[in-house]
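Good morning, and thank you for making time for this presentation. I would ask you to keep the sequence and the structure in view while I speak.

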Amino acid sequence: MAKRDYYDVLGVAKGADAATIKKAYRAKAKELHPDRNSDNPNAEAQFKEANEAYEVLKDENKKAAYDRYGHAAFENGMGGGGGPRGQQGDFASAFSDVFDDLFGDFMGGQRGGRRSGAQRGNDLRYNLRINLEDAYSGMQKTITVPTSVGCDACNGTGAEGGSEPQTCPTCNGMGKVRAQQGFFTVERTCPTCSGMGQTIKNPCKTCHGAGRVEKERSLSVNIPAGVETGTRIRLAGEGEAGMRSGPTGDLYIFIEVNSHALFERESTNLFCRVPVSMATAALGGEIEVPTIDGGRSRVKVPEGSQSGRQMRLRSKGMPALRGGGSGDMFIELAVETPVKLTSRQRELLKEFDKLSEENNPQGSSFFKSVKSFWDSMKS
Ligand SMILES: [Zn+2]
Ligand SMILES: [Zn+2]
């Protein structure tokens, strides 16, 4: 089945701003609320579709990736969303999580009700170090994430051989028990089910009733061009599996870009110090400078250039993460004093120096200032 465009799903114009997207999603969530859709078998699928679209469009980085590459941006990342497991019972609970997110306590007491034993899996953080060249071009990176995934043996239920978990008899599925202590009634986690609200008579032998097992997973992640240190890429549903068919957590990839031997980066601009010989700086000429794409650019050095002179190469910087062109590259000339001179070079330089004095007998403006300073001190 072809995936619908995320903007179409939420019914907003392409490139709509964050506030519009959030508003459209709220409206969809209200419309598809399970309490209002008991006779609409498609509500769950529609809600999931809207949810997936919102997960992407509310996140600046993902939205940018989607605007650039469409669904292909998440082919390996988002994939099956929450995965094939556990989609049945947890619609309402996933929904109420989202709802709480959006509307705060608006839903009131719903949360305290009977629990299904399902718990959302943890979010995972993955630190990814990349080179500046890769940040420039963007890349597809395969990462290995140690995580827990739904147990295949019991389909994530935690119960052996298809047997159903039972509502906990101690707490009646509430996950909590009350005890009288003096004047107070205290509520504590049910000791029988550890707050899950369910007990399992025959726990699955593979996962010992947790419904998930530890595993290493390989994920192919699309790193968009222009990322920088601190960029966070969220892969919804690629985190830790939930307990007993609970929703899967998310995976956050934190980017760190290595410093580069040649280029310093400031947002989308790059800076590079380029050595230039004393003769070239004085006479003018052309030099070749490296560019981040691995190529080279020829740059004209004007006659009489001093150390520190900056020149700009337009659009030779880093691409902007959210599209809209590239930054510039600035090069700064560093005039090199010649060292390890041969006697011939020495001779020539001495001659050169002598000619310089004859050529410019008054000296530079600096020396003129020094002279008038000394003169003023004498008087
Ligand atoms: Zn199992
Ligand atoms: Zn219990």
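Two strands are said to pair if DSSP finds at least two bridges between them. The model before us is a predicted one, and with that criterion we may turn to its open sheet. In this model, four bridges join β8 to strand β9, residues 251-257, and the two run antiparallel. One of the contacts can be located by residue: Ile 233 has Ile 253 in β9 as its bridge partner.

The sheet as a whole has three strands in the order β1-β9-β8, and its pairing is mixed. Its edges are formed by β1 (124-130) and β8 (232-235), each of which pairs on one side only. On average, and ignoring direction, neighbouring strands in this sheet are turned by 25 degrees against each other.

I now come to the metal sites, beginning with ligand 1. Which residues coordinate this zinc ion (ligand 1)? The donors are the SG atoms of Cys 151, Cys 154, Cys 204 and Cys 207, at 2.3 Å. Along the chain these donors of the zinc ion (ligand 1) follow the spacing C-x2-C-x49-C-x2-C. The angles subtended by the four donor atoms around the zinc ion (ligand 1) are 103 to 116 degrees, and the arrangement is therefore tetrahedral. Of the donor residues, I would mention that Cys 151 and Cys 154 are both buried.

Next, the zinc ion (ligand 2). Its coordination comes from Cys 168, Cys 171, Cys 190 and Cys 193, again through SG atoms, at 2.2 to 2.3 Å. The site of the zinc ion (ligand 2) is tetrahedral, with angles of 102 to 115 degrees among the four donor atoms. In sequence, the donor residues of the zinc ion (ligand 2) show the spacing C-x2-C-x18-C-x2-C. Cys 168 sits in the loop between β3 (166-167) and β4 (176-181), while Cys 190 sits in the loop between β5 (184-189) and β6 (198-199), so this pair ties together parts that are 22 residues apart in sequence. Both Cys 168 and Cys 190 are buried.

The last topic is charge pairing. As a general matter, side chains of opposite charge can pair when their charged atoms come close. The count for this model comes to 21 salt bridges, and I shall discuss a few.

In the pair of Lys 3 and Glu 52, the closest N and O atoms are 2.5 Å apart. This salt bridge links distant parts of the chain, with Lys 3 in the segment before α1 (6-10) and Glu 52 in helix α3 (residues 43-57), 49 residues apart. Is Glu 52 buried or exposed? Glu 52 is buried, because its relative accessible area is 18%, and the limit for that class is under 20%. Lys 3, by contrast, counts as partly exposed at 43% relative accessibility.

Arg 4 forms a salt bridge with Glu 49, and here the closest N and O atoms are 3.2 Å apart. Again the segment before α1, holding Arg 4, is linked to helix α3, holding Glu 49, and the two residues are 45 residues apart. Arg 4 is partly exposed at 44% relative accessibility, and Glu 49 is partly exposed as well, at 25%.

Finally, Lys 58 and Glu 55 form a salt bridge whose closest N and O atoms are 3.8 Å apart. Lys 58 is partly exposed at 38%, whereas Glu 55 is buried at 13%. Salt bridges with shared partners join Glu 55, Lys 58, Arg 120, Asp 123, Arg 234 and Asp 250 into one network.

Terms used: Residues are numbered from 1 along each chain as its sequence is written. Chains are lettered from A and ligands numbered from 1 in the order in which they are written. This is a predicted model: local features need pLDDT of at least 70, side-chain atom pairs count only at pLDDT 80 or more; totals for chains, interfaces and linings use all residues. Side-chain values use heavy atoms; hydrogens and water are left out. Donors are N, O and S atoms within 2.8 Å of the metal (3.2 Å for Na, K and Ca); water is not among the atoms, so sites may look incomplete. Four donors count as tetrahedral if all angles lie between 85 and 135 degrees; four count as square planar and six as octahedral if opposite donors are over 155 degrees apart and all others between 65 and 115; anything else is irregular. Buried means under 20% relative accessible area, exposed over 50%, partly exposed in between (1.4 Å probe, protein chains only). Axes are lines fitted to C-alpha atoms, for helices over the stretch in contact, and angles run from 0 to 180 degrees between N-to-C directions. A salt bridge is a side-chain nitrogen of Lys or Arg within 4 Å of a carboxyl oxygen of Asp or Glu.
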